Amino acid sequence: MGRRKKIVQECETLMDDPEHIRNIAIAAHVDHGKTTLTDNLLAGAGMISDDTAGEQLAMDTEEDEQERGITIDAANVSMTHEYEDQNHLINLIDTPGHVDFGGDVTRAMRAVDGALVVVDAVEGAMPQTETVLRQALREGVKPTLFINKVDRLISELQEGPEEMQERLLAVIQDVNELIRGMTEEMDDIEDWTVSVEEGTVGFGSALYKWGVSMPSMQRTGMDFGEIMELERNDKRQELHERTPLSDVVLDMVCEHFPNPVDAQPMRVPRIWRGDAESELAEDMRLVNEDGEVVLMVTDIGVDPHAGEIAAGRVFSGTLEKGQELYVSGTAGKNRIQSVGIYMGGEREEVDRVPAGNIAAVTGLKDAIAGSTVSSAEMTPFESIEHISEPVITKS
Ligand code: GDP
């Protein structure tokens with residue numbers, strides 16, 4: 001069986017196990033390394049060929065995947081990752097890197113429960129870092145932090161350990177100040193500041209594919225001194241092999257982002273103002289795959305063969321081909337022609353997509369990004385507000 005087919009099968013098995021699902025977004029100020037990091041995660045999960053993994057993986061990978069190489073477009077992608085002997089399904093939604101797409105970033109946040117915020121170690125938190133944090137927190141999406149381009153501090157700026165530590169701590173402090181400022185008024189959000197000790201901060205280099213966190217250092221026995229030594233001596237391949245970025249980040253995702261069962265009870269009242277006592281509210285809070293179908297459409301894409309594809313988060317029930325569903329704001333119903341998940345940027349049809357997952361659906365001709373699609377008529381989700389942003393010119 002091809003690697004891709006195998007991953008699809010693994011995803012299908014895990015789809016019914018919401019406790020082991022993580023719906024996440026990666027968000028960053030432009031050029032801080034979101035795309036490079038995403039490619040690392042896809043390669044680490046075996047979704048695309050990893051240059052450095054050599055012949056073995058390349059031969060193991062289907063031909064089309066090799067051709068697709070590392071330039072793959074990861075709009076939405078599902079992958080699996082083993083953490084503490086348990087396989088996890090990670091649904092990753094890409095957020096556009098440019099400020100013009102602010103509205104899309106907010107929509108992506110509606111579909112996920114965790115946001116990995118990437119910050120360039122040299123530049124520190126920038127205006128768009130603040131915007132993505134605001135978008136995440138307002139949607140009840142938990143942040144973690146990855147400080148990227150640490151290789152530059154070591155090899156280019158030749159910083160010593162103390163200087164580097166100071167700089168990294170300053171970045172963390174800035175991010176935490178932003179988080180504190182944004183969550184002060186939100187009484188339903190606990191302390192969501194990030195912390196090295198707790199493992200909600202990672203450091204590393206997406207370019208050279210290595211990463212560390214407090215838990216990873218404990219696991220690998222590597223300390224910062226050794227990492228600096230290897231980086232400075234251009235032993236980046238060794239660094240990558242001994243402390244691969246994808247493992248560090250995906251472990252952090254599994255450990256610290258809430259699964260849908262933990263997230264939905266907090267998120268649903270935040271994004272839906274319908275009757276909290278109703279059965280529907282209960283189905284959404286419990287991620288009940290046998291409940292009424294509720295899909296929040298966050299994106300409409302176009303596939304040259306299948307036409308318009310609606311992507312979104314299934315909050316309740318199970319999506320299946322042939323279902324006739326209401327689309328908020330329109331009369332009548334639309335019939336679902338196919339349901340699928342995203343694998344390496346491509347849609348893969350499956351029989352059903354249960355609550356807690358991100359689905360790709362065809363046939364919802366009246367749906368737009370922001371539509372609530374449901375088997376019973378219901379109060380739609382709150383509209384997704386666009387957060388206006390300062391104009392940032394790319395340096
Ligand atoms: P995005 O706009 O956030 O998606 O950023 P990209 O992933 O496209 O990266 C922007 C630039 O930074 C590219 O030239 C990357 O090669 C470079 N870059 C990304 N990560 C790193 C890193 O860890 N170290 C260094 N030195 N450069 C990086």
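**Exercise 1. Ring pairs**

How many aromatic pairs does the count come to? Classify each pair and place it in the fold.

*Solution.* Keep in mind that this is a predicted model.

Step 1: start with the count, which comes to two aromatic pairs.

Step 2: take Phe 203 and Phe 224. Their ring centres are 5.8 Å apart and the planes meet at 80 degrees, so we call this pair edge-to-face; the cut-off for that label is over 60 degrees.

Step 3: find the two rings in the chain. Phe 203 belongs to strand S6 (residues 201-205) and Phe 224 to helix H10 (residues 224-232), with their positions 21 residues apart, so the pair links distant parts of the chain. Phe 203 has 6% relative accessibility and counts as buried.

Step 4: move on to Phe 315 and Phe 381. Here the centres are 5.1 Å apart and the planes sit at 45 degrees, so this pair is tilted.

Step 5: place this pair too. Phe 315 is in strand S9 (residues 307-316), while Phe 381 is in the segment after strand S17 (372-374), so parts that are 66 residues apart in sequence get tied together. Phe 315 is buried at 0% relative accessible area, and Phe 381 is buried at 5%.

**Exercise 2. Charges over rings**

Which ring does the charged end of Arg 236 sit over, and which residue's face does Arg 313 lie over?

*Solution.* Step 1: follow Arg 236 to its charged end, which sits over the ring of Tyr 208 at 3.7 Å from the centre.

Step 2: do the same for Arg 313. This side chain lies over the face of Phe 315, 5.0 Å from the ring centre. Phe 315 is also one of the partners in the tilted pair with Phe 381.

**Exercise 3. Two helices that cross**

At roughly what angle do the axes of helix H6 and helix H8 cross? Name the type of crossing and the residues that make the contact.

*Solution.* Step 1: recall what to look for. Two packed helices are described by the angle between their axes and the distance between the axes.

Step 2: get both values. The axes of H6 (residues 127-138) and H8 (residues 161-183) come within 10 Å and cross at roughly 40 degrees.

Step 3: put a name to the angle. Angles under 35 degrees would count as roughly parallel, and the perpendicular range starts at 65, so H6 is oblique to H8. As for hand, H6 passes H8 in a right-handed crossing.

Step 4: list the residues in the contact. H6 brings Glu 130, Leu 133, Arg 134 and Leu 137, and H8 brings Val 175, Leu 178, Ile 179, Met 182 and Thr 183.

**Exercise 4. A covered helix**

How many of the 11 residues of helix H2 are buried, and what covers them?

*Solution.* Step 1: count the buried positions. H2 (residues 34-44) is mostly covered, with eight of its 11 residues buried.

Step 2: name them. They are Lys 34, Leu 37, Thr 38, Asp 39, Asn 40, Leu 41, Leu 42 and Ala 43.

Step 3: look at the cover. It includes strand S1 (21-28), S2, S3, strand S4 (114-120), S5 and helix H12 (245-256).

Step 4: look past the helix. Gly 46 follows H2, and its phi is positive, near 80 degrees.

**Exercise 5. Unusual phi angles**

Where are Asp 85 and Lys 149 found, and what is the sign of phi at Asp 85 and at Lys 149?

*Solution.* Step 1: set the background. Most residues other than glycine have a negative phi.

Step 2: check Asp 85, which isn't a glycine yet has a positive phi of about 60 degrees. Asp 85 is in the loop between strand S2 (76-83) and strand S3 (86-94), and at 73% relative accessibility this residue counts as exposed.

Step 3: check Lys 149, again not a glycine, with a positive phi of about 65 degrees. Its loop runs between strand S5 (142-148) and helix H7 (150-156).

**Exercise 6. A buried threonine**

Is Thr 298 buried or exposed, and what is it in contact with?

*Solution.* Step 1: locate Thr 298 in strand S8 (residues 294-303).

Step 2: read its accessibility. A relative accessible area of 6% makes Thr 298 buried.

Step 3: leave aside neighbours within four places in sequence. Thr 298 is then in contact with Arg 107, Arg 110, Ala 111, Ala 311, Gly 312 and Ala 369.

Note on methods:
Residues are numbered from 1 along each chain as its sequence is written. This is a predicted model: local features need pLDDT of at least 70, side-chain atom pairs count only at pLDDT 80 or more; totals for chains, interfaces and linings use all residues. Side-chain values use heavy atoms; hydrogens and water are left out. Rings of Phe, Tyr and Trp (its six-membered ring) pair if their centres lie within 6.5 Å; planes under 30 degrees apart count as stacked, over 60 as edge-to-face and the rest as tilted. Helices (H or I, at least four residues) and strands (E, at least two) are DSSP runs, numbered from the N terminus. Buried means under 20% relative accessible area, exposed over 50%, partly exposed in between (1.4 Å probe, protein chains only). A charge sits over a ring if NZ of Lys or CZ of Arg is within 6 Å of the ring centre and within 35 degrees of the ring normal. Axes are lines fitted to C-alpha atoms, for helices over the stretch in contact, and angles run from 0 to 180 degrees between N-to-C directions. Angles under 35 degrees count as roughly parallel, over 145 as roughly antiparallel, 65 to 115 as roughly perpendicular and the rest as oblique. A crossing is left-handed if the near helix is turned anticlockwise from the far one by less than a right angle, and right-handed if clockwise. Contact means heavy atoms within 4.5 Å.
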